[in-house]
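Work through the exercises below with the sequence and the coordinates at hand. Each task is followed by a stepwise solution.

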Amino acid sequence: MNTFFSIVVPVYNRPEEIRELLESLQEQDFQKDFEVVIVEDGSSQSSEEVVKRFQGKLNISYYFKENSGPGDSRNFGMQHAQGNYFIILDSDCILPKQYLSEVDKELTREFVHCFGGPDAADESFTTIQKAINYVMTSFLTTGGIRGGKKGVGKFQPRSFNMGISKEVFEKAGGFGRIHPGEDPDLTFRIWKAGFETRLFPEAFVYHKRRIDWNKFYIQVNKFGMVRPILNKWHPGTAKPTYWFPTLFMLGLIVALALFFVGLGLPLMLYAFYFLVLFLDALIKSKSLIVALLSIFALMIQFTGYGIGFFKSTMLLNFSNKKPEELFPKLFFKKK
């Protein structure tokens, strides 16, 4: 397939992020033509002036639409794109200069209609960003679902770094209204339509999350809440491992209680896990502070996800209401 890439980026109130992303696109070593489609999702802080600075330097177009969420904005961008292969990026990503060349190399070697790439941390990131990046990508915490070289189960691309052909977009129907959760929902529909997905291990991005501990908790709590909804929509995709964060935190509470009555073995097992996690984070980040913060980030991740998953599971199983009625904040309204 002779591919022409259209890079689609939704943005909401983050013009400075778009500037950094566009600068990294300008520095690509890719020798073929490509286009960039910026979709402003009803922002009050416009990115239009930033985009104008790159006109003539990049083949770039800018669209403003009413706020309807990142999934719908990606669909809008793909509908207006000129290419036959779409690369979806988050606005808080920065690309290494070889990114597009690596994507092209993988597609030339073995074409696939949908791919995802890893999530990496740049040296310029803050210690909190690096710690959160570690727990979001480590095999020890998430099973590598966000693009590590090892993963549990069939690879599920994520829309911070995802490519899909125009054919797949038209047949699978694009992203849905749920957010977060629109990524696996689309992946499951892609599989159902008969297409495969694959990890491109060298096509990584630097995912520069603008985040603090409270925002991180809210984010992972929502991740936990949407998973039972996806399990309900796509029954064959449910896995026992999705219960792990909930059971991990409940087990930690039990282990602490047993420790105070003289039974220390369960807590020692937890201590061993934390030690392995700390050492792995230390080796990968080469920073004692990042390794220590990774333990804290793990606790927030498992607590937020675990509570969200348990709450959503209970409500979905013991209520006759639809997910949209139970969790209206997880769904964008149709425009």
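**Exercise 1.** Determine which helix holds Pro228, and whether Pro228 is buried or exposed.

Solution. Step 1: Pro228 belongs to helix H9, residues 213-233; helices are DSSP runs of H or I with at least four residues, strands are runs of E with at least two, and both are numbered from the N terminus. The model is a predicted one, in which local features need pLDDT of at least 70 and side-chain atom pairs count only at pLDDT 80 or more, while totals for chains, interfaces and linings use all residues. Residues are numbered from 1 along each chain as its sequence is written, and side-chain values use heavy atoms, with hydrogens and water left out.

Step 2: Pro228 has 8% relative accessibility and therefore counts as buried (buried is under 20% relative accessible area, exposed over 50%, partly exposed in between; 1.4 Å probe, protein chains only).

Step 3: Outside its neighbours within four places in sequence, Pro228 contacts Phe309, Ser312, Thr313 and Leu316 (contact: heavy atoms within 4.5 Å).

Step 4: From Pro228 to Arg74, 154 residues away along the chain, the C-alpha separation is 24 Å.

**Exercise 2.** Give the strand order of the open sheet and find the bridge partner of Phe115 in S8.

Solution. Step 1: The order of the seven strands is S3-S2-S1-S4-S8-S6-S9, with mixed pairing; two strands pair if DSSP finds at least two bridges between them. Step 2: Strand S3 (59-65) and strand S9 (198-199) are at the edges with a single partner strand each, so one side of each has no neighbour in the sheet. Step 3: Strands S6 (residues 114-116) and S8 (residues 161-165) run antiparallel and are joined by three bridges. Step 4: Phe115 is bridged to Gly163 in S8.

**Exercise 3.** How many aromatic pairs does a search of the whole structure find, and what is the geometry of the pair Phe248 and Phe274?

Solution. Step 1: The search yields 22 aromatic pairs (rings of Phe, Tyr and Trp, the last by its six-membered ring, with centres within 6.5 Å; planes under 30 degrees apart are stacked, over 60 edge-to-face, the rest tilted). Step 2: Phe248 and Phe274 are edge-to-face, with 6.1 Å between centres and 85° between planes. Step 3: Phe248 is in helix H10 and Phe274 in helix H11 (residues 265-285), so the pair ties together parts 26 residues apart in sequence. Step 4: Both Phe248 and Phe274 are buried. Step 5: Ring pairs also link a cluster of Phe5, Phe30, Phe34, Tyr85, Phe111, Phe115 and Phe200.
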